[in-house]
Amino acid sequence: MSSTDFGISARRRALNIIWTAAGEYGFEPAFMAFSQNGQPDIYMDSIIGYVRKWYDLEIMQELFDTIGSSFMRETFDGILWIGLENCAFEREVRERPVLAEMRLACAEAFFEQQFTRSRQQWMAQNSLVYALQSARWNTVLGKAPGLVNPWERKLFEELSYSGEWDARQIAEHTFQILHRYFHFNRRRAERAFLLRLRNRLASFTSRALPSRVMRTEDLTFAQDGSGNGIITARKSKNSGPLSAAEEENNRIYIENCFGPPLYTREESTQIEALLCTGNHTGCHIYFAEGRQPAAENTDTHTADASSSDALIRKTILSAQAQAERNKTHFKEKRHFYENCITRLAQQIRNALLVYPQPAKLTSRAGQIAPEQIWRAVRLNDERVFTDKFEEEHSEFSVDLLLDASASRLQSQEMIAAQAYVIARSLRLCKVPVQVCSFLSLRGYTVMRRFCGYGDSDKDERIFDYFAAGWNRDGLAVKGAGHMMQSSPAGNRLLILLTDASPNDDRRLPPDRESGHHLSRDYSGNAGVEDTAAEVRALRRSGIQVMAILNGEDGSTEAARKIYGDDFVRIENIRHLSDAVGTLLLRKIEKLTFS
């Protein structure tokens, strides 16, 4: 669900909840909260109102503004509201005992919805906020926080804001936490005058529109990984053009998190100029080798370097932990997956039987043909040998493109194992294969290449797959097409492991020729249409494109709009070999008889 999916009526109800809790009406709250189904999160919206009720408005607004000027504002906002929830609850529950029951219900709902397939895309840094939220709701339910990392445990302990504190104590304690754990420089943030001025101008423009109930430009209406409403600040897509320093900071952040680029800076600039056009104007694309960078090797060299370092290390360590989980999952089910590889390899061999094979011709040299020896004796014909004539472009290659957005958080081990099974099966059949993943962060679509066409010894890098952020499928498809130019084969197949649900935080630019005079969210029908257009463009260039959907993830209707009939849904991992084999046979037949 995108931010635009929250209707005006739901926003009005959220406002009424906040106003009622605050005992004050008519003001525009800096934050709001919604549940997974798009309805107001009654408990958290009440907490927002109680913060307004109990704490000095000017001090709290200064705190919100200062944090909002940081590059890490999404993470800092999440951390701040974990603390504010605690102190506002302790302050208000003295007058409203029923609030304890509401809090308990909120905690129970958090874990009940933990494994639902929410479409909310989590930025990588919010994995920390999610862990801290889980710890808070665990303690509300009378359980241990469940945090293993000592750094996270210590941070969580400091987020137990006291109901006895006033606004000044809350602000000072918050700044101390951010400085101690993230090296956040309060004075540098306070000097970000232009950013705060831009926020106020956006607010003024918003109030001038009578149909707007609240400042949607300044708020994110979203859910966390478990489907609960979260309150967060302005999304990057609405923050206006970035300065050169911000652009450079984002580029260095991406490079540190995902490793050095495949291409030089000059080559990367040329590729972006070629790919980031049309619907992807203003976006970036970053091609990286799939190796995991080391957490101790971060090298930011930016004005906000100290804050970025902590976040980068957290991202890298989380990715490394996921890689270990991927490998453990495969090892625990090695016998099953090796059987899948054997079975799929046989399916591929069967498919190759219909593919044009090298023709055997009689020759005066080569491999002797016993059935031709009589010709030498009776006809004095020296052509009793056979030689193979390789037809031009008789081979083909396969590229696997793995959706690595946060919607795949609950399926990471399964996706890594499936990709490895497919890649190994193709290699056993001497088919060149390349495996990449894609996700979007800070306006960058990151393409990680785990193994190339000739890297049969690097297939285990696929287990470095991890999910985070958003997914701009259309730009990823264009990026895959670019990488497939290095294929050694004349015919090329692209297989996407996806949920067919494009969703990015960078909007589609206006397109007056198509009747879209305003920018649109890159999600829903708009994202599907863009991805479908890029798939069609690849097919026109001669590349066959197909998709694999896992379990109940993703929309069959959207997949059909994007891929036509060239997709398969694998309801059970046991059906992987047959499903992929059938799909490949269908595509190979197209190559054969086209």
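**Figure 1. Helices α14 and α16 lie oblique to each other in this predicted model.** The axes of α14 (residues 334-352) and α16 (residues 412-428) come within 8 Å. They cross at roughly 45°, and because angles under 35 degrees would count as roughly parallel and those from 65 to 115 as roughly perpendicular, this one falls in the oblique class. The crossing of α14 and α16 is right-handed. From α14, the residues in contact are Y337, C340, I341, L344, A345, I348 and R349. On the α16 side they meet M414, A417, Y420, V421, I422, R424, S425, L426 and L428. Sorted by class, the contact of α14 with α16 has 13 nonpolar, one polar and two charged residues.

**Figure 2. Helix α2 crosses helix α5 at roughly 130°.** The axes of α2 and α5 (residues 98-112) come within 9 Å. This angle makes α2 oblique to α5, because only angles over 145 degrees count as roughly antiparallel. Four residues of α2, namely I42, Y43, S46 and Y50, make the contact with L99, M102, R103 and C106 of α5. The contact of α2 with α5 has six nonpolar, one polar and one charged residues.

**Figure 3. S46 is a buried residue of helix α2.** Helix α2 spans residues 42-54. The relative accessible area of S46 is 7%, so S46 falls below the 20% limit for a buried residue. Leaving out residues up to four places away in sequence, S46 touches I17, A21 and M102. One of these, M102, belongs to the α5 side of the contact between α2 and α5. Another, I17, is 29 residues from S46 in sequence, yet the C-alpha atoms of S46 and I17 are 6.0 Å apart in space.

**Figure 4. H183 has a positive phi in the loop between α8 and α9.** The loop with H183 follows α8 (167-182) and comes before α9 (186-190). Phi of H183 is near 55°, and the residue is not a glycine. H183 has a relative accessible area of 39%. The residue is therefore partly exposed, as this value lies between the 20% and 50% limits.

**Figure 5. R442 has a positive phi in the loop between β8 and β9.** Strand β8 covers residues 433-441 and strand β9 covers residues 444-451. R442 is not a glycine, and its phi is about 50°. The relative accessibility of R442 is 9%, so R442 counts as buried under the 20% cut-off.

**Figure 6. Two stretches of the chain have pLDDT under 50.** In residues 115-125, pLDDT stays under 50, and the model has 52 contacts for this stretch beyond four places in sequence. In residues 191-239, pLDDT also stays under 50, and the model has 130 such contacts. Over the chain, the mean pLDDT is 79, with 74% of residues at 70 or more.

**Figure 7. The chain that holds these sites has 20 helices and 14 strands.** Of its 594 residues, 56% count as buried. Among contacts between residues at least 6 apart in sequence, 73% join residues at least 24 apart.

Note on methods: Residues numbered from 1 in each chain as written. Predicted model: local features only at pLDDT ≥ 70, side-chain atom pairs only at ≥ 80, totals over all residues. Heavy atoms only, no water. Helix = DSSP H or I, 4+ residues; strand = E, 2+ residues; numbered from the N terminus. Buried < 20%, exposed > 50% of the residue type's maximum accessible area, 1.4 Å probe, protein only. Contact = heavy atoms within 4.5 Å. pLDDT = per-residue confidence, 0-100. Axes fitted to C-alpha atoms, helices over the stretch in contact; angles between N-to-C directions. Left-handed = near helix turned anticlockwise from the far one by under 90°. Nonpolar A, V, L, I, M, F, W, Y, C, P; charged D, E, K, R; others polar.
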